[in-house]
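Q: Please take a close look at one part of this structure, for a reader who has not met it before. A connected account of how its elements are arranged would be welcome.

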Amino acid sequence: MPIKYVSYFPETIQGQAILNNFTRTQRALKYRDNDRVVTRILRGMPLYETETIEQVGAHPNGNLVMRGECIAACAYLKANGITLDLCYIDPPFASGADYAKKIYVRRNPKVAEAIAQAEEEMTDDELQAFEEKMYGDIWNKEAYLNWMYENLLAIKSVMSETGSIYVHLDWHIGHYVKVLMDEVFGEDRFEREIIWDNAVLSGFKTLADNWIRAHDTILYYSMSDEKVFNKQRQAHRKEYLDRFDKVDEQGRKYFDGRGEKLLLEDVIKKGKAVGDVWYDIMSFQQIPTSAENVDYVTQKPEDLLKRMIDASSKNNMLVADFFGGSGVTAKVAHDLGRKFIHVDVGINSIQTTRDRLVAAGASFEILEIKDGVALFRNPAQTMDKLRELIPGLGAAESIGDFWAGAIHDSKLGMIPVYLPNLLDHTTKLLDQPLMNRILQEAMPDLPDGVKRVVVYYIDAEDLPALENFIAQVNPTEIVVELRDLKQVLHEVVVNDIVEFTASEQSGKYIVAITRFISDRLRQKIDAYNQRRALNNGRRKQKTIDEANGEENGNGNGDKNGNGNGNGNGEAKPARPFKPIQISDDGLELIEFVSLDCANTAGAWHSDAEIKIDKNGYVILNGTKTRNFWDAKITCDKKPLRLKIRNIAGDETVIVIQ
């Protein structure tokens, strides 16, 4: 549970009118659970303990990479007197979409030499890969806006008086968030609605039977008139420059504009002031081969962040991103001489950002907020597995959707089970408002004969107080049993197995990885192979059925070859499915290897590290090479600890004897 709660604003008074001013949103949206937000807001931001995971570089200078939620991170900043000069956030868009990471199986180091000799180069389509769902952007409107309202209040509480904030959204929810930002920051502090024209000029979008959706919206607010703003300029469009078609006596091209002689060379040099429609920054869908692409599904281009950071901050100012994703904000802030704070709940985000900043030569500290989020590396995947993790939990249609299922006990009968939604961080904390909802709304609707329910929690506000609250408020005779979900998650964490040798040769220390076993990854790959093989068989049968359709030209596989057939009523051969195969030594499942020569415990200090990219090439201490990994890592000092990260992001740390 939190150490304490930190107030959002410096001079909080009893019954302050934070949510009493929230009339516009209450009237327009009528939140069903608004009382829950009231309680959380008045209580303040939860401040948790933090742990330093790693320090990169000698002088972090306030640069932080934090794993945790936005509100908890803001509580940490507030408690430590840290204020932000600029904030950019790219939160979930409430689009209902699932986001998956493509996981590439590396080349086994044992075949690296043969590959190098053959100068073999494979395309992405040829690489062995599978997908893993990272998180789900699945919200109902009311829950999303309650959650966003809390986040915006938390961010505002740590902004400097001259700070600015940019919120990146799209058509799904942006117009609602605009109302929230007017409420939190003030309508008079709204500066601009920026339209980022990120049109993709090919693919399915051009086939839509409507106007092509081709932009995102970025809402820009400031804290005061004393905001920092540096006007940005861009190149003029060719159509404008073509108007300079006259030549003066000195051979210079010019244009008579409103009685003023404009020289082409001066106009090109000065450039055009950037407006609130940005059409000159391409998205990754348009440039998928960009060198800055780190294979992160929601990644934004560096030029987009460069424009905002250049415009709204100065050298050495602090820039933060509380939904940091691929780390583009932190990386660009570093490149521009700013300090940075990157926050995200996903371990994949933290690892991607960490590696990206190392390659950029940044110094920073990695902190983990001990709020329970870190217990599950991948919330989406864990939610899919929870029913398997809890013994005896099965489906029970008679109890409704609120309950995850039920345990059937020989003495007590059916025991409904409540599970917090790990994808919805507002349900992570079991407090009195949430418990009241369970008691007053969910339990009275249970069938007759239910004697007990089990309520799992990740974090509880105050267990003795909750139990007392249940005893006083429970309108039923059903017994409520509270269980800590963290214990379930701890029990299923199985570290990967690493076999290696360590030796010293000519003053160099060499660690050679001889075998790597990851049961979790192998199970996932086996399940992927089975699913793909089954789907491939179904597609093949469907193709055969279509090819054997009507021969009069109406079928999908007619004799003229107009459908899926080959013109003779026969099926085109389905593309054969090649299952992902893992070698006995399993070395192709390794993505990252690091040595710590300073500590046997505590924060990690990387004295040497190797990252293997998806093509099998080595990134040595942040520098890209064209060498294949030989399953070894070398260091000038004697290593004390070894860290290995598998291709899905799980890390294993071993003390070297």
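A: The account below turns to a pair of helices and then to a neighbouring topic, the sheet. The model under discussion is predicted.

The pair consists of helix H13, residues 432–442, and helix H14, residues 463–473. Their axes come within 11 Å and cross at roughly 30 degrees. Because angles under 35 degrees count as roughly parallel, H13 is described as roughly parallel to H14. The crossing in which H13 passes H14 is right-handed.

On the H13 side, the contact is made by Gln432, Met435, Asn436, Leu439 and Gln440. H14 contributes Ala465, Leu466, Phe469, Ile470 and Val473. Sorted by character, the residues of this contact comprise 7 nonpolar and 3 polar, with no charged residue.

The sheet is open and is formed by 5 strands in the order S20-S21-S22-S24-S26, with mixed pairing. At its edges lie strand S20 (393–394) and strand S26 (479–484), each of which pairs on one side only. Within the sheet, strand S22 (residues 413–418) and strand S24 (residues 452–457) run parallel and are joined by 2 bridges. Val417 has Val454 in S24 as its bridge partner.

H13 also packs on this sheet, where the helix touches S22, S24 and S26. The direction of H13 makes about 140 degrees with that of S26. Taken together, H13 has a contact with H14 and also packs on the sheet.

Technical notes: Residues numbered from 1 in each chain as written. Predicted model: local features only at pLDDT ≥ 70, side-chain atom pairs only at ≥ 80, totals over all residues. Heavy atoms only, no water. Axes fitted to C-alpha atoms, helices over the stretch in contact; angles between N-to-C directions. Helix = DSSP H or I, 4+ residues; strand = E, 2+ residues; numbered from the N terminus. Parallel < 35°, antiparallel > 145°, perpendicular 65-115°, else oblique. Left-handed = near helix turned anticlockwise from the far one by under 90°. Contact = heavy atoms within 4.5 Å. Nonpolar A, V, L, I, M, F, W, Y, C, P; charged D, E, K, R; others polar. Pairing = 2+ DSSP bridges.
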